[in-house]
Each structure stands twice: as structure tokens, then as C-alpha cells.
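Here is a quick tour of one protein model, with the charged pairs and the sheet as the two stops. Keep the viewer open and follow along.

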Amino acid sequence: MTDNSHESVPSRQRKRFPGISSRAYEHPADRSALVALRKLTGFDTVFKALSGLLPERSLRLLFLSDSVRVSDAQFTHLNGMLRDACYILDLEKVPTMYVKQDPQPNAMCIGLDEPIIVVTTGLVELLDEEEMRAVVGHEVGHALSGHSVYRTILLFLTGLAVKVAWIPLGNVAIMAIVTALREWFRKSELSADRAGLLVGQDQQASMRGLMKIAGGNHLHEMNVDAFLAQADEYEKAGDLRDSVLKILNVLPRSHPFTTVRAAELKKWSETRDFQRIMDGHYPRRDGDKDASVTDSFRESASHYADTVRTSKDPLMKLVGDIAGGAGDLGGKLRDKFTGAAGGSGGSTGKGGAPSGDDATDDPKGTWRRPDHPEGGPGTGS
């Protein structure tokens, strides 16, 4: 295990967040699920009991025997980043980190008893120091939130689904759980992206890292504003057929699409919540036990309602029209599916409120390429 002291000095002056709770940066949907799970009596005990069924011991031995452990003697620059990230987020016990030979740029944080972080050589070779610092912060954010436990469960269930595919309805039941876990985990990736920004405190580096994950080491050919414009175009493009295709495309993924992650992170970095954290005003870890499940679910519901209200996606606009009591829903549905003129959803509901308003609002595990198969030790932080 890596030494737990925090003696490394950041390469530049950055703020530290003593006692910060992961609730400070977690996405509302991620936070509500985690707060509820932490309130379940005996939950940790149940998952510990599963350790004998899960491949965690095997994975630890595999990384120990066939990867390079980060330390003062090996990959010292990564070791410094890891210690620094734990220092910034005040994570007392520094997770063990491994570098695995794999050309795919990936990273992950897994483990039931103790989180371990794995990054691939493809990722190390792709990113510069500040970009990599954001990724390491992303993985440490996973560790602080306790995501590694649920990620390990997801990996196990995904493999189990394949093994029970021959049993009538067996695969359906398992895949229903896997689908729900993937939806949660996609939100947890957004949380970890925020943690990476808190560690690196360099928005441009975070954006560059995501662009490189999408387009490779060709920064001179890419532009942050144009990259973010892709996310906006993706959200509002097409008709209801495209909205359905977006849902189908994202369902098997454990990570949101890269442009979407970049847009979500930029939006969060411009909020009052982010500024308050940077000013030192954030929930503390010692208050986690008193966090209200009801309040967390209320915040999550409010977030989703706001997402529907402000979304430019055709389906979300239609949902907003229905919620607002818009008339001629049959015509709107027909127009949105066919892409006919006038089907853009700019009408006014019965209450007089305009619908479809424009507005603005994470080894495998975290920084994952779009084509990386589910289950492999990669990134996706």
C-alpha cells in the first residue's frame, strides 16, 4: 500500500478543502442515491459479505502481478499527483495506484474493502501534467464518494448477466439491475469530473483532457468552443426519432458521452455552488450522517424537473409541453417524429408559459473511450 502521508507540494498554488464531504461536488442524482444507501443499516456489512463472490481479490492480484504500482520509486510524477489530489480533497488514506499496459486511454477506481486506482499507459501518454492531474483528481473523487464499491458490483453483475443469459428471464432480471446501475454510474462520472476540477483547479486542462479522450493527441486541430458547440448541437438536433436513438445509444454505456461531460462540467464551473466551494463554504464530512434523504431526493427531483424544462432535446421539450398542458399534443407528436416545420416546440401552454425555453446546466471507471467495452479495466472517470 502506498504511504499515506501527504508530503508532496503542488506544482502551483491551489486551494485545499479540509474535511470536504463528497456531497459538495456530487451530481444531485448521484448524491441522493448515495445518501440513501449510507442510511441503510447494515448496508456496508452486506456488501462486505459479497466480497467472497466478487473478483476483487483476483483483480488485486492481477494488478499486483501484471501492472506497475505507483510509488516513490515508480512513476514518481503520478505518485506526486495522487498524494496531491488526496491532500486537496483531504482523503486521509491514499489509494494504491497501478499503471497497466493498454493503448486504450482509460482509468478506473474499484474495490470493496479499499479502493484501488488503475490508469492505462494509453492515458498516461496522451495527457499532459495538468490534464492528468484532473484525471487523478477524478479517480480520487470516486474513492471519496465510495463509488468504487458500486462500480465493483456493476462489473460483477455485468459479467453475471452473460453467464445467466441461457436461463429464462434470468438475464432480463440481472440486466434490469445493470441498466439502473449504469444510469446511476453515468451521473457518478459527472460527480467525479467535478472532483477532478476541484483538484486541478484548471478548467481549460479539464476541457483539454476530455477533448483528447474524444479526438486523440491533436490539440492543434481542436477547439474548446467548437467542441462544446457539439454538445449543444447533439442535445437539440433532430426530431423524436433522434431522441429515442440517443437513449438507445447511451443505455449500454457506463459513462456519459464526452462532449456532454465537457458541457456539464463547464456549466457547473460557472455556478454559485462551485464558487462557494472555492471560497471555502461547503458541506463537511462530519455532517454526512445527518444528511437528509428527503432533502437529497427533493434536490434530485428538482434537478430533473429543471433539466426537462430547460432542455433543447425534442423529446424533453415534448415532455415539458405535456407537463405544461400544451394543446394539440397529437399534432406536436407527429411533427416532432417527422421533423416537420413548426414541430420545434415553441408554443405557449395553457398557463401562458412558453415551452422549450433555451437555457444552460466520469481502469474503466472513469475516463473511458466511447468504444471501450464494458467490463475492461479502463477509464471513464
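## Salt bridges and a four-stranded sheet

Let's start at a charged side chain: Glu270 counts as exposed, because its relative accessibility is 56% and the cut-off for exposed is over 50%. Bear in mind that this is a predicted model. The salt-bridge partner of Glu270 is Lys266, with the closest N and O atoms 2.5 Å apart. Lys266 itself is partly exposed, with a relative accessible area of 26%.

That pair has company, as the structure holds 12 salt bridges. The general idea is simple: side chains of opposite charge can pair when their charged atoms come close. Three of these pairs are worth a look side by side.

| Salt bridge | Closest N to O distance |
|---|---|
| Arg14 and Asp84 | 2.3 Å |
| Arg133 and Glu130 | 3.6 Å |
| Lys266 and Glu270 | 2.5 Å |

Which parts of the chain does the Arg14 and Asp84 pair link? Arg14 sits in the segment before α1 (28-39), while Asp84 belongs to helix α4 (residues 76-88), so the bridge ties together distant parts of the chain, 70 residues apart. Both Arg14 and Asp84 are buried.

The Arg133 and Glu130 pair is a local affair. Both residues lie in helix α6 (residues 129-145), and because they are 3 residues apart, about one helical turn separates them. Are they buried or exposed? Arg133 has 4% relative accessibility, so it counts as buried. Glu130 comes out at 15%, which means it is buried too, since the cut-off is under 20%.

These two pairs also belong together: Arg14, Asp84, Glu129, Glu130 and Arg133 are linked in a network of salt bridges.

Now for the sheet. Its 4 strands form an open sheet with mixed pairing, in the order β1-β2-β4-β3. At the edges are β1 (68-69) and β3 (107-110), each pairing on one side only. In general, strands of a sheet pair through backbone hydrogen bonds, either parallel or antiparallel.

How do the neighbours of β4 run relative to it, parallel or antiparallel? With β3, strand β4 (residues 116-120) pairs in the antiparallel sense over 4 bridges. With β2, the strands run parallel and 5 bridges join them. You can find Ile116 of β4 on both counts: Ile116 is the bridge partner of Ile110, and Thr96 stands opposite Ile116 as well. In the hairpin of β3 and β4, 5 residues lie between the strands, and Gly111 takes a positive phi near 125 degrees.

Strand β4 is mostly covered, with 5 of its 5 residues buried. In a regular strand, side chains alternate between the two faces of the sheet. For β4, Ile116, Val118 and Thr120 are on one side, Ile117 and Val119 are on the other, and both faces are covered.

Finally, helix α6 brings the two stops together. The helix that holds Arg133 and Glu130 lies across β2 (96-100), β3 and β4, and runs at about 20 degrees to β3.

Definitions and conventions
Residues numbered from 1 in each chain as written. Predicted model: local features only at pLDDT ≥ 70, side-chain atom pairs only at ≥ 80, totals over all residues. Heavy atoms only, no water. Salt bridge = Lys/Arg side-chain N within 4 Å of Asp/Glu carboxyl O. Helix = DSSP H or I, 4+ residues; strand = E, 2+ residues; numbered from the N terminus. Buried < 20%, exposed > 50% of the residue type's maximum accessible area, 1.4 Å probe, protein only. Pairing = 2+ DSSP bridges. Contact = heavy atoms within 4.5 Å. Axes fitted to C-alpha atoms, helices over the stretch in contact; angles between N-to-C directions.
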